[in-house]
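Me: Could you take a close look at one part of this model with me? I would like to hear about its pockets.

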Amino acid sequence: MTDISDAVDLLLAGVVPERVGEIKAVWSSMQDRVRLQDSRGFVMQQIYGTIQVNELALKQIWFIGFACQKAIEAYSGNIVAQQFSGQPCDTSELTTWADRNGTDLFADRMRLAKELANAECLEDFDWPNDVPYPLEGASYETINDKAIFDLVCMAGAYIFLHEISHSLIWQSATTPMSMISEEVECDKFALDMMIGCIPKYSSESGYSKEQVLAKRLLGIIFAKIVILVVTPQSRWKSSSDHPPVANRIRTILDAADDSIPEDFWLASAAILVALAEYFRLLNSPVAFTSSRDLAYKMCELIGQSD
């Protein structure tokens with residue numbers, strides 16, 4: 001196993017620089033806090049205070065981010081058009097006059113994402129040419145690819161913050177919580193670390209609070225989609241050790257206040273519509289009044305899935 005604690009520290013410093021001091025105070029800066037395993041399957045877990053992850057899990061986070069990119073590109077314009085014309089969200093209409101190439105690319109990336117989730121090792125997976133491969137110092141040809149890179153980093157930071165919370169709970173030696181209660185607590189910790197001090201970051205950076213909140217929450221949506229993809233659909237609704245997937249997505253939607261830009265809702269709705277269509281949950285047109293309304297309704301459909 002390889003110690004990658006410093007690399008994770010750099011990731012968190014880039015995503016939530018305003019919380020670095022707090023994270024260091026509770027999690028320290030010692031070595032071997034995060035170990036990269038040479039193992040098969042999807043590994044992202046905390047064991048005895050140490051976070052263990054493998055290359056396949058890191059690549060999965062990356063790959064699903066770029067799948068979400070195609071969902072946003074392919075579905076956003078149609079959602080706007082349907083809302084403007086007062087039409088319901090109808091996937092048969094969507095696939096008829098949407099960018100068919102974009103919807104097909106999303107479906108293809110989702111199929112590959114599921115293959116990657118089920119791969120025993122990276123050598124079993126044929127990386128597609130249209131998804132940038134994560135290499136140190138890589139450059140991106142388009143502003144969209146650079147934006148997705150930023151959002152993937154935010155998704156990764158959220159996931160590591162969740163696991164850090166598990167580590168802190170284990171180290172505290174407090175009365176054990178139920179597995180589901182602990183998962184909820186770790187989600188709360190990670191979300192607070194991501195958005196709890198945005199006014200401070202905004203003041204120091206000059207970026208608007210609303211734009212920072214929108215970008216970080218969308219990155220967390222990416223992280224939740226990773227959970228959705230790697231979790232068997234039969235366990236989305238009921239599990240002995242994790243809350244329902246839809247509840248975890250809804251918590252992030254609930255964290256968006258009234259000041260958040262419309263782009264956040266449109267991107268979130270596009271991703272969730274694309275997923276609902278891919279998993280065949282949209283069996284009839286869904287009336288909606290706004291991108292926000294549509295995002296919540298898609299989340300509800302995911303919650304009803306068995």
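How do the residues of the lining of the largest pocket divide into nonpolar, polar and charged?

Reply: Happy to help! This is a predicted model, where local features need pLDDT of at least 70, side-chain atom pairs count only at pLDDT 80 or more, and totals for chains, interfaces and linings use all residues. Residues are numbered from 1 along each chain as its sequence is written, and side-chain values use heavy atoms, with hydrogens and water left out.

The lining of the largest pocket holds 23 nonpolar, four polar and six charged residues. Here Ala, Val, Leu, Ile, Met, Phe, Trp, Tyr, Cys and Pro count as nonpolar, Asp, Glu, Lys and Arg as charged, and the others, Gly among them, as polar. A pocket is an open set of points on a 1 Å grid over the protein atoms alone, where a 1.4 Å probe fits, with protein on both sides within 12 Å along at least five of seven lines; lining residues have an atom within 4 Å of a point.

The space in the largest pocket is about 1,200 Å³, a volume being what is filled by probe spheres set on the points, which are joined across faces, edges and corners. Its lining counts 33 residues, with Leu11, Trp62, Phe149, Val152 and Cys153 closest to the centre. H6 gives the largest share of that lining, seven residues. Helices are DSSP runs of H or I with at least four residues, numbered from the N terminus.

For the second largest pocket, the volume is about 820 Å³. Its 28 lining residues include Met44, Glu163, Glu183, His242 and Arg248, which lie nearest its centre. That lining divides into 13 nonpolar, seven polar and eight charged residues.

Notes:
Helix = DSSP H or I, 4+ residues; strand = E, 2+ residues; numbered from the N terminus.
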